[in-house]
Amino acid sequence: MVASNGLRAIVVEEQERPMIDEGDGSFERKLKNHQCPRCRSAIKLLRDDVHKREYACTVCNLKIIDVKGDTEG
């Protein structure tokens with residue numbers, strides 16, 4: 001990434017973040033916001049059954065299958 005004020009350009013180093021931070025709820029938040037956990041683009045809901053939801057990213061084609069057990073709400 002390059003930041004510039006018109007006179008000087010400064011190269012700013014970008015660090016790659018993990019797709020999911022384990023145990024912080026970020027994956028579930030992204031799904032609820034209809035956002036791909038990989039590329040942050042829009043996802044579409046393909047299937048919404050009682051115990052199974054399927055999503056697909058509209059940009060990177062990530063497929064997500066969310067399966068809930070009998071004890072989960």
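I looked up Lys52 and found that its side chain forms a salt bridge with Glu54, the closest N and O atoms being 3.8 Å apart, where a salt bridge is a side-chain nitrogen of Lys or Arg within 4 Å of a carboxyl oxygen of Asp or Glu. The model is a predicted one, in which local features need pLDDT of at least 70 and side-chain atom pairs count only at pLDDT 80 or more, while totals for chains, interfaces and linings use all residues. I number residues from 1 along each chain as its sequence is written, and side-chain values use heavy atoms, with hydrogens and water left out.

Staying with the charged residues, I noted that Glu54 is also bridged to Arg47, with 3.2 Å between the closest N and O atoms, and that Arg47 in turn forms a salt bridge with Asp49 at 2.6 Å. Arg47, Asp49, Lys52 and Glu54 are thus entered here as linked in a network of salt bridges, and the count by this rule comes to four salt bridges.

I then checked accessibility, taking buried as under 20% relative accessible area, exposed as over 50% and partly exposed as in between (1.4 Å probe, protein chains only). Lys52 counts as partly exposed because its relative accessibility is 27%; Arg47, at 34%, is partly exposed, and Asp49, at 37%, is partly exposed as well.

Next I turned to the cysteines and asked how many disulfides the structure holds. It holds zero disulfides, a disulfide being a pair of cysteine sulfur atoms within 2.5 Å. The cysteine sulfur closest to that of Cys39 is in Cys57, and the two are not bonded because 3.5 Å is too far for a bond. Cys57 is buried, with a relative accessible area of 3%, whereas Cys39 is partly exposed at 31%.

Cys57 also appears in the largest nonpolar core, whose seven residues are Leu31, Cys36, Ile43, Tyr55, Cys57, Leu62 and Ile64; such a core is a set of buried Ala, Val, Leu, Ile, Met, Phe, Trp, Tyr and Cys residues joined through side-chain atoms within 4.5 Å. For Cys36 I listed the contacts (heavy atoms within 4.5 Å): leaving aside neighbours within four places in sequence, Cys36 touches Lys30, Ser41, Ile43, Cys57, Cys60 and Leu62.

My last entry concerns Ser26, which lies in helix 1 (residues 26-32), helices being DSSP runs of H or I of at least four residues, numbered from the N terminus. Ser26 counts as buried because its relative accessibility is 12%, and a polar contact of 2.9 Å joins its side chain to that of Asp24. I take a polar contact as a pair of N or O atoms within 3.5 Å; within protein, one must be able to donate a hydrogen and the other to accept it, and residues adjacent in sequence count only if both atoms are side-chain atoms.

Conventions
Helix = DSSP H or I, 4+ residues; strand = E, 2+ residues; numbered from the N terminus.
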